[in-house]
Amino acid sequence: MSKQEASLAVIDLNADAPCCPPLAQGRVPAETAAALAPAFKALGDPVRLRLMSMIASAEGGEACVCDLTPAFDLTGPTISHHLKTLREAGLVDAERRGTWVYYRARPGILRQLAALLAIEPALSSKA
């Protein structure tokens, strides 16, 4: 097992509990940063961010590639590449049904990303 694989195994990206305190409350541990960085990197592309939004908000919780592709002025192989990137980053799961592939968001990792970026208001002492 490589050093990177060992680090990634430390964090459960499907956990309901946050992996760590929000950025504004404390430093992100190196292992956490290594585990979450690929997801942030994948979402850093406008096409992938739109795809993720379409998948996460799809009725029934899943979206067929046949419904995703027409929304873009891109070729099918380009959309497939972007979906593969989202899948490899752990943001979506894919299931082939006949000739089509259906994508479903992975809520655990989305909760982890959201928790890390949450900005909690500082507690004030009003007397």
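Here is a short walk through one helix, its surroundings, a disulfide and a helix pair. Keep in mind as you look that this is a predicted model.

Let's start at helix α5, which runs over residues 76-88. Its 13 residues reach 18 Å from the first C-alpha to the last, close to the 18 Å expected at 1.5 Å a residue. Which residues of α5 are buried? They are I79, H82, L83 and L86. These four cover an arc of only 100° around the axis, which means that they sit on the same side of α5. Turn to the other side of the helix and you will find P77 and E88, both exposed. Just past the helix, α5 is followed by G90, a residue whose phi is positive, near 85°.

What covers the buried residues of α5? The cover includes three helices, α2 (30-43), α3 (46-56) and α4 (65-68), and the strands β2 (92-97) and β3 (100-105) also take part.

One of those buried residues deserves a second look. H82 is found in helix α5 and has a relative accessible area of 8%; buried here means under 20%, so H82 counts as buried. If you leave aside its neighbours within four places in sequence, H82 is in contact with D45, V47, R48 and L51. Two of these names, V47 and R48, are worth finding on your screen as you follow the contacts of H82.

Next comes the cysteine pair. A disulfide is a covalent bond between the sulfur atoms of two cysteines. The structure holds one disulfide, and it joins C64 to C66, with an S to S distance of 2.4 Å. Is this disulfide right-handed or left-handed? The torsion about the S-S bond of C64 and C66 is about 130°, so the disulfide is right-handed. As for the two cysteines themselves, C64 is buried, with a relative accessible area of 3%, whereas C66 is partly exposed, at 28%.

Finally, let's return to α2, which we met among the elements covering α5. This helix also packs with helix α6 (residues 107-117). Their axes lie 11 Å apart and make an angle of about 90°, and α2 and α6 are therefore roughly perpendicular to each other. Which residues meet where these helices pack? From α2 come L36, A39, F40 and L43, and from α6 come I109, Q112, L113, L116 and L117.

Conventions. Residues numbered from 1 in each chain as written. Predicted model: local features only at pLDDT ≥ 70, side-chain atom pairs only at ≥ 80, totals over all residues. Heavy atoms only, no water. Helix = DSSP H or I, 4+ residues; strand = E, 2+ residues; numbered from the N terminus. Expected span 1.5 Å × (residues − 1). Buried < 20%, exposed > 50% of the residue type's maximum accessible area, 1.4 Å probe, protein only. Arc of directions from axis to C-beta. Contact = heavy atoms within 4.5 Å. Disulfide = S-S within 2.5 Å. Axes fitted to C-alpha atoms, helices over the stretch in contact; angles between N-to-C directions. Parallel < 35°, antiparallel > 145°, perpendicular 65-115°, else oblique.
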